[in-house]
Amino acid sequence: MRTDTAPNVTKLSDYIAPNFRIESVYLDFDLEPKRTVVKSKMKVSRLAEGPFILDGDEIALKSVKIDGRDLKRSEYKLTQTQLILNNIPNSFTLEIENSCNPAANSTLMGLYVSGGRFCTQCEAEGFRRITFYPDRPDVLSVFRVKISGDKAQYPYLLANGNMIESGDLSGGRHFAVWEDPFPKPAYLFALVAGQFDTLEDSFTTMSGREIPLTIFVDPGDAPRAEYAMDSLIRSMKWDEKAFGREYDLDRFMIVAVRDFNFGAMENKGLNIFNSALLLADGESATDMNFERIESVVAHEYFHNWTGNRITCRDWFQLCLKEGFTVFRDQEFSADQRGAAVQRIKDVRALRGRQFPEDAGPLAHPVRPTQFVKIDNFYTATVYEKGAEIIRMLKTILGANEFRKGCDHYFETLDGTAATVEQFIASFEQSSGQDLSQFMRWYEQAGTPHVKVSSRHTLEELEVTFEQALQATPGQPKKSPQVIPIKWQVVGNNGALAAPQLTVLDTHKKTVTIPVSADELSLSILQDFSAPVILHSDQNADDALRLMGNDPNAFNRWEAGQALARKLMGSTAKAIESGVAPNPDNALKRYSQALRNTLLDDKFNNNFKALALTLPSGMEVLQSLPQADPIAVSLANGWLSRAVADESKDELIRIYHSLKDDGEFSPDAAAAGRRALKNRCLSLLASRHDPVAAPLAMAQFNGATNMTDEISALLILDKLGGRRVDQSMEEFYEKWKGKPLVIDKWFALQAGRNHPEGVEAIRKLTQHAAFDARNPNRVRALVGGFAMNNPHLFHNISGSGYDFFTEQVLDMDSRNPSVAARLLGVYEIWRKLDKNRQELIKQQLRSVVKSKPSKNVLEIATKTLGD
């Protein structure tokens, strides 16, 4: 629905506690695709004066009863979004009957039909599309749910908790009753009904309870859920060891669905997953898919304590559950795949997604202070920066005190809807430290800039740290943050002093340590100990010394990245000015340093592959005042060629040495071998080496796993020629029966610099396999185009922006939540050259004039910033 009225703004400062408590909820679902009838029965008691307000959206009310008496129409008020009850007892039983149309629910929020199955998504405000209820996270209740449906069509009837009853009904129907004994908010409610294959296993908890585990998937897909099951069992065991958290219900279930707005949802005892993040095998899934499955399965399971048992008082506290849980899944992945490698991947993601958000018009605090649609605040700032705050807290307190604080949090706030203040207070109470200034990380938007300078005498080193936080929308002035900086002095043969931790909590702080070496460099922000942008007085010589001698693996990688960003930035500016880039001594020595890393046996293949991967275009854009994004992409190619030229023979030799015809394994070692092999081949393709094309064709034709097949296809596209279209067509014909692989095909096509330009991308929206109703397919093509095709998306004609905006508005007519997330791509416009800035502003103004959904309107107006 569109409206001419200004959207309502919800503010943190306006929070009012609920005035009614719901002691218990009984829900009765009579499932039919076009008209599902929902009956609810709630035991309600008053907490404060005022009417009882229940939310409702796109549902038809049939009747309302209080203590068994039907209310007349004059006894309640019904609006488009609320059911309001006045003059009611202090304690009563409320019964409501309503209906909804799941088959017509294209928003994929509430109860909807996907592939002939019923499914729900209730976070953040989807439960109100199912029945009338105070749909807010601080209203917790115990739920009992009865589901009835056709037994042949819906043999599985699932909901949260434990099944306590089931049986047959007349007319070929059956029922199941589920009970969740733990109080929860409505956003954690889940219902699934349909035909599935199952994969079953079990886990024995640390107290000796055996928990049945079941994953429900499309018929025939059970073998592809085996890695997800393995990840689940490992995460359950890890959470007991790392955080002392044991699973609480009698069973744990996961369901995979094709149509889903998000990656997954942590509904109590019944996680619902986008099938793209649950199903995998070596033939059809890449190593990145396996890593994501491992991470997301763990993330949703970890929510059982950080999100479910302790939930959010209001949606402004979203970071309380998401930031903490992202941190937990990152720690799990570090244990599974190597700490340095995982930290590098996490920081790359942070810089690629969250730093641009913090530097642009959509910047907001980790805990926002207001919103129009909470759906728009499931952001990298809330998730990834929220996780960095938890990591800093652990660094400042130390591992032991951090664990004590976590235990105190779980023990004292279990079963409540909590706030960030209560979370921080748990660590204050357990450690005795004052963390009031640390709270600024939740309150101030923007990425702090830290400047480091040093002065070296014969016997000591003086290091000065200074911080600054730039103005962001609504926050022109900032106060100093608490920034933990891990650093170390490094010489030509390794460390010259022990690692240091300096907590910068003022604008400026100076530290002096004894050091007597003549040649030294500072390894600053080791392990990326704080999410800041670093500026230092160190030069290329320092970066090269750290690349070769830093004992901290992350900072070895970071030294190379920092130097590469500078080289790419200067190269992009030269290209933009029409000047041919001039190779200099720094470039030569950088390429030699990467060659040394490639040949260094101290590092595993995963690390080497990451070291040989240049900074993303987004990172380079963020390091420049303004730039032509196509010039930045060309600079990447230029630097890649220089690196490949330096190590041509080694790249060929190592590529051949890493070939493996054995049985596929998704573990870290095997994934690292494939990553380095394919990175070597990609670099050879960057210099258009004569061996690259035949090696890529041979790999594409002989690949036994999707990682190698996709990598070969990408490399063939980089090399160009008629073989690319032929290979793309062969790939499609081979995999056209596998939707998740065809998503990959659309993403590959979206990233190609097609000779016919944007029209080639537009034609793909008419392809028989393109489904504009499916978020995965739209994200693959439209999102992939905007994120991975700088040459066409940023074409100076504006044709790429025209196409993208058309697709966003088309999606908005069906699914505003997905459309708004896509539109966020435009947030970088101020980092682009003046011509493209004006083109994007025109697009945003046209979006606002089109009277879009509240979701899209909020993103468009904030991004535009007029």
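These are my notebook entries on a predicted model, taken element by element.

**Entry 1. The eight-stranded sheet.**
I began with the sheet whose strand order is 6-5-9-3-2-12-15-14. This sheet has eight strands, is open and has mixed pairing. I then asked which strands stand at its edges. They are strand 6 (69-70) and strand 14 (162-168); each has a single partner strand, so one side of each has no neighbour in the sheet. Inside the order I looked up one pair, strand 5 (residues 60-66) and strand 9 (residues 91-100), which are antiparallel and share six bridges. For the register I noted that Ala 60 is opposite Ser 99 of strand 9.

**Entry 2. Two loops with backbone exceptions.**
I kept in mind that most peptide bonds are trans and that most residues other than glycine have a negative phi. After strand 9 I stopped at Leu 108, in the loop that leads to strand 10 (110-114). Leu 108 has a positive phi, near 60°, and is not a glycine. Is Leu 108 buried or exposed? Its relative accessible area is 6%, and because the cut-off for buried is under 20%, Leu 108 counts as buried.
Further along, I found a cis peptide bond between Glu 123 and Ala 124, with omega about 5°. Ala 124 sits in the loop from strand 11 (117-121) to strand 12 (141-150).

**Entry 3. The five-stranded sheet and helix 1.**
Another open sheet has five strands in the order 17-18-19-21-20, again with mixed pairing. Its edges are strand 17 (197-204) and strand 20 (264-265); each has one partner strand, so one side of each is left free of a neighbour in the sheet. I looked at strand 18 (residues 210-217) and strand 19 (residues 252-257), which run parallel and are joined by four bridges. Thr 214 is opposite Met 253 of strand 19. Helix 1 (residues 226-243) lies across strands 17, 18 and 19, and makes an angle of about 20° with strand 17.

**Entry 4. Glu 331.**
I looked up Glu 331, which belongs to helix 3 (residues 318-337). Its relative accessibility is 18%, so Glu 331 counts as buried, the cut-off being under 20%. What does the side chain of Glu 331 make a polar contact with? The partner is the side chain of Arg 391, at 3.2 Å. Leaving aside residues up to four places away in sequence, Glu 331 touches Trp 238, Arg 391 and Lys 394.

**Entry 5. Strand 31.**
In strand 31 (residues 521-524), Ser 521 and Ser 523 point one way, while Leu 522 and Ile 524 point the other way. I noted that all four named residues are buried. Strand 27 (residues 483-491) runs antiparallel to strand 31, with four bridges between them. Val 489 has Leu 522 as its bridge partner.

**Entry 6. Helices 10 and 11.**
Two packed helices are described by the angle and the distance between their axes. For helix 10 (residues 553-576) and helix 11 (residues 585-599), I noted axes that come within 11 Å and cross at roughly 145°. The crossing is left-handed. Helix 10 makes the contact through Gly 560, Leu 563, Ala 564 and Leu 567, and helix 11 through Ala 586, Leu 587 and Tyr 590.

**Entry 7. Helix 14.**
Helix 14 (residues 629-646) has 18 residues and, at 1.5 Å a residue, should span 26 Å; the end C-alpha atoms are 26 Å apart, which agrees. At the start of helix 14, a side-chain oxygen of Asp 628 comes to within 2.8 Å of the backbone nitrogen of Ile 630. The buried residues of helix 14 include Pro 629, Ile 630, Trp 638, Leu 639 and Val 643.

**Entry 8. His 688.**
His 688 lies in the loop between helix 16 (668-686) and helix 17 (692-702). Its phi is positive, near 50°, and His 688 is not a glycine. The relative accessible area of His 688 is 48%, which makes it partly exposed.

**Entry 9. Helix 24.**
I repeated the span check on helix 24 (residues 799-812): its 14 residues should span 20 Å at 1.5 Å a residue, and its end C-alpha atoms are 20 Å apart, in agreement. Among the buried residues of helix 24 are Tyr 801, Phe 803, Phe 804, Gln 807 and Asp 812. What covers the buried residues of helix 24? The cover includes helix 21 (758-764), helix 22 (775-788), helix 25 (816-823) and helix 26 (834-849).

Technical notes. Residues numbered from 1 in each chain as written. Predicted model: local features only at pLDDT ≥ 70, side-chain atom pairs only at ≥ 80, totals over all residues. Heavy atoms only, no water. Buried < 20%, exposed > 50% of the residue type's maximum accessible area, 1.4 Å probe, protein only. Polar contact = N/O pair within 3.5 Å; in protein donor to acceptor, adjacent residues only side chain to side chain. Contact = heavy atoms within 4.5 Å. Expected span 1.5 Å × (residues − 1). Pairing = 2+ DSSP bridges. Axes fitted to C-alpha atoms, helices over the stretch in contact; angles between N-to-C directions. Left-handed = near helix turned anticlockwise from the far one by under 90°.
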